[in-house]
Structures are given as structure tokens and as C-alpha cells.
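Colleague: I would like a close look at one part of this chain, the largest nonpolar core. Please set the scene with the chain as a whole, then take me through the core and what lies around it.

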Amino acid sequence: MNLYNAYVLAVEDDRQIRNYICYLLDAEGFRHIAASTGEGALSILVSEPIDLMLLDLGLPDIDGMEVIRKVREWSEMPIIVISARDQDKEKAAALDLGADDYLTKPFSATELFARIRVVLRYLYRQHSGNKAQGILQVGGLQIDLDKRLLYVDGSETHVTPMEYNLLSLFFKNIGKVLTTKQILKEIWGIGYGSDTQALRALMAGLRRKIEKNPAKPRYILTEIGVGYRLVDE
């Protein structure tokens with residue numbers, strides 16, 4: 001999928017912001033359509049081949065969280081939340097429901113398109129079959145999913161099975177924010193609860209092996225109050 005062939009749905013009830021988003025999409029050459037309500041967005045999604053949705057949470061009819069919930073019942077289409085709600089718990093809730101990223105208002109055009117490129121590159125990788133090839137790379141990190149091997153700057157690096165599972169989860173979701181809840185569920189299982197101490201310890205050990213300066217990580221970044229993200233380089 002060519003990034004600029006993506007068909008974008010912008011869901012925003014504020015006319016001025018909606019027009020601004022559409023103007024930016026036009027300027028970057030994206031095909032797009034807009035909706036001002038949640039129900040309007042859902043109607044478009046079942047009738048148009050949308051590749052990406054930009055979603056405001058504070059809609060006049062149904063809450064944006066409910067829109068995410070409904071869409072995830074039948075589609076894995078990328079969703080970027082754009083909202084004035086800046087509380088960490090709101091961000092985490094949207095991501096746990098299935099949103100791919102979260103942008104807080106006010107936002108810049110540069111930030112918006114950086115987020116769009118990340119989720120569309122992730123979608124492109126899925127469509128192109130790169131995941132099936134088994135080898136993924138970010139900067140100096142390379143992981144062989146078939147052989148369960150990690151290379152850091154060309155050198156094979158030993159990691160524990162749990163560290164490997166954590167890193168492979170990030171590599172399968174390059175550029176996406178993974179919430180603490182999502183990581184705990186994937187690595188330890190659904191019954192592990194919300195205890196993050198084990199995750200923090202596991203992350204610290206992994207960073208010591210992949211980062212030149214673990215205190216200032218280059219690869220796995222902390223989204224404060226929400227979770228972690230493997231950079232998309």
C-alpha cells in the first residue's frame with residue numbers, strides 16, 4: 001500500500017478543526033472524507049474502503065470510545081485518536097480498546113503526519129508480507145522471528161526467553177504504543193492483573209542489552225502513564 005493512496009476518514013464535530021484536518025490531508029495528497037458524528041462515521045466505514053480513521057472522542061451523539069469498540073468488532077483498520085482529553089487514563093483506555101495511537105489537541109501538522117506515517121507503514125508491512133519473512137529491523141536492532149535470535153549492531157546478543165518475547169511483541173507492533181495492560185496480557189497472560197513491577201524489571205534488563213544508554217533509550221521509548229513504544233526508524 002502506497003502511503004499516499006490511503007483513504008482517510010476524519011471524524012471531528014468541531015467544524016474549524018475538521019476543516020483544518022481536511023486541509024492538511026489535501027496538502028499532503030491524501031484522499032479523505034469527513035464525518036461530524038459517531039453514527040456518521042460508522043455509516044461511512046461500512047460503505048467506503050477506509051484505510052485509516054482520525055477520531056475525536058468528544059462527539060455529539062456517541063462517545064468516541066464507543067466508536068472504537070464498535071469498529072474493533074469487525075475491523076483492524078488503524079485508528080488515531082485526536083482529542084482534547086489529555087489524561088493518561090483516557091489515552092490508555094482508548095489504546096486498550098484498540099486505537100493505534102493518540103494525539104492530544106492542539107497538535108501540529110508535523111506531529112499529525114508523523115503519527116499517520118507510523119500506522120500506515122505498520123499496515124504496509126502487514127500487507128507486503130514482511131512479517132512472514134521472519135526478519136525485522138529497527139536501526140541497529142535486528143530480530144529473527146523464525147530462529148528467535150537478536151542482533152545488536154550486527155552482533156548476536158543473548159536475551160532471556162521473557163526478554164525475547166517482550167522484544168518480539170514490540171517488533172510485531174513497530175511504532176505503535178502498547179499499553180501496560182496490553183503488554184501484561186500478551187507476555188504474562190490475561191490473569192496477571194495490573195501489577196507493573198515485573199514489567200518494569202523486565203524492561204530494565206532488556207534495555208541494558210539493546211541500548212547504549214539505558215537511561216536515555218533510543219529504541220523502546222516510555223509513554224509516561226500509558227506504556228511503551230518501539231520507535232519506527
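Modeller: Happy to, starting with how surface is counted: accessible areas come from the Shrake-Rupley method with a 1.4 Å probe, and for residues only the protein chains shown count as cover. On that basis the chain has an accessible surface of about 11400 Å², 48% of which belongs to carbon and sulfur atoms. Please keep in mind that this is a predicted model, in which local features need pLDDT of at least 70 and side-chain atom pairs count only at pLDDT 80 or more, while totals for chains, interfaces and linings use all residues. Residues are numbered from 1 along each chain as its sequence is written, and side-chain values use heavy atoms, with hydrogens and water left out.

Now the overall picture. The chain holds 9 helices and 12 strands; these are DSSP runs numbered from the N terminus, helices being H or I over at least four residues and strands E over at least two. Its radius of gyration, 18 Å, is close to the 17 Å that the globule rule gives for 233 residues, so the chain is as compact as a globular protein of that length. That radius is taken over C-alpha atoms, and the rule is 2.2 Å times the number of residues to the power 0.38. Along the principal axes, the C-alpha trace spans about 55 × 35 × 30 Å. Of the 233 residues, 48% count as buried, where buried means under 20% relative accessible area, exposed over 50% and partly exposed in between (1.4 Å probe, protein chains only). If we take contacts (heavy atoms within 4.5 Å) between residues at least 6 apart in sequence, 58% of them join residues at least 24 apart.

On to your core. By nonpolar core I mean a set of buried Ala, Val, Leu, Ile, Met, Phe, Trp, Tyr and Cys residues joined through side-chain atoms within 4.5 Å. The largest one has 29 residues, and L166, F170, F171, I183, I210 and I220 are those with the most contacts inside it. The elements that give two or more residues to this core are strands β6 (135-138), β7 (141-144), β8 (149-152) and β12 (227-230), together with helices α7 (161-171), α8 (180-188) and α9 (197-210). Helix α7 gives the most to the core, with 6 residues.

That helix deserves a closer look. In α7, 8 of the 11 residues are buried, so the helix is largely enclosed by the rest of the structure. The buried ones are E163, Y164, L166, L167, S168, L169, F170 and F171. P161, also in α7, counts as exposed because its relative accessibility is 58%.

I220 shows how the pieces meet. Leaving aside neighbours within four places in sequence, I220 is in contact with L167, F170, M203, L206, R207, I210, E211, Y228, R229 and L230. There is also a second, separate core of 28 residues, which includes Y7, L42, A92 and V177.

For a buried residue elsewhere in the chain, try L54 in strand β3 (residues 52-55). L54 has a relative accessible area of 2% and so is buried. Not counting residues up to four places away in sequence, L54 touches V8, L9, A10, V11, I21, L25, I80, I82, L112 and I116. The C-alpha atoms of L54 and I220 are 25 Å apart, with their places 166 residues apart along the chain.

Back beside your core, two loops are worth a glance. R148 sits in the loop between β7 and β8, and its phi is near 55°, a positive value in a residue other than glycine. With 44% relative accessibility, R148 counts as partly exposed. From R148 to P161 it is 13 residues in sequence and 9.1 Å in space, C-alpha to C-alpha. D153, in the loop between β8 and β9 (155-156), has a phi near 50°, again positive in a residue other than glycine. Apart from neighbours within four places in sequence, D153 is in contact with G140 and K212; G140 is 13 residues away in sequence, with a C-alpha to C-alpha distance of 4.5 Å.

One last backbone detail lies in the loop between β5 (101-104) and α5, where P106 is found: the peptide bond from K105 to P106 is cis, with omega near -10°.
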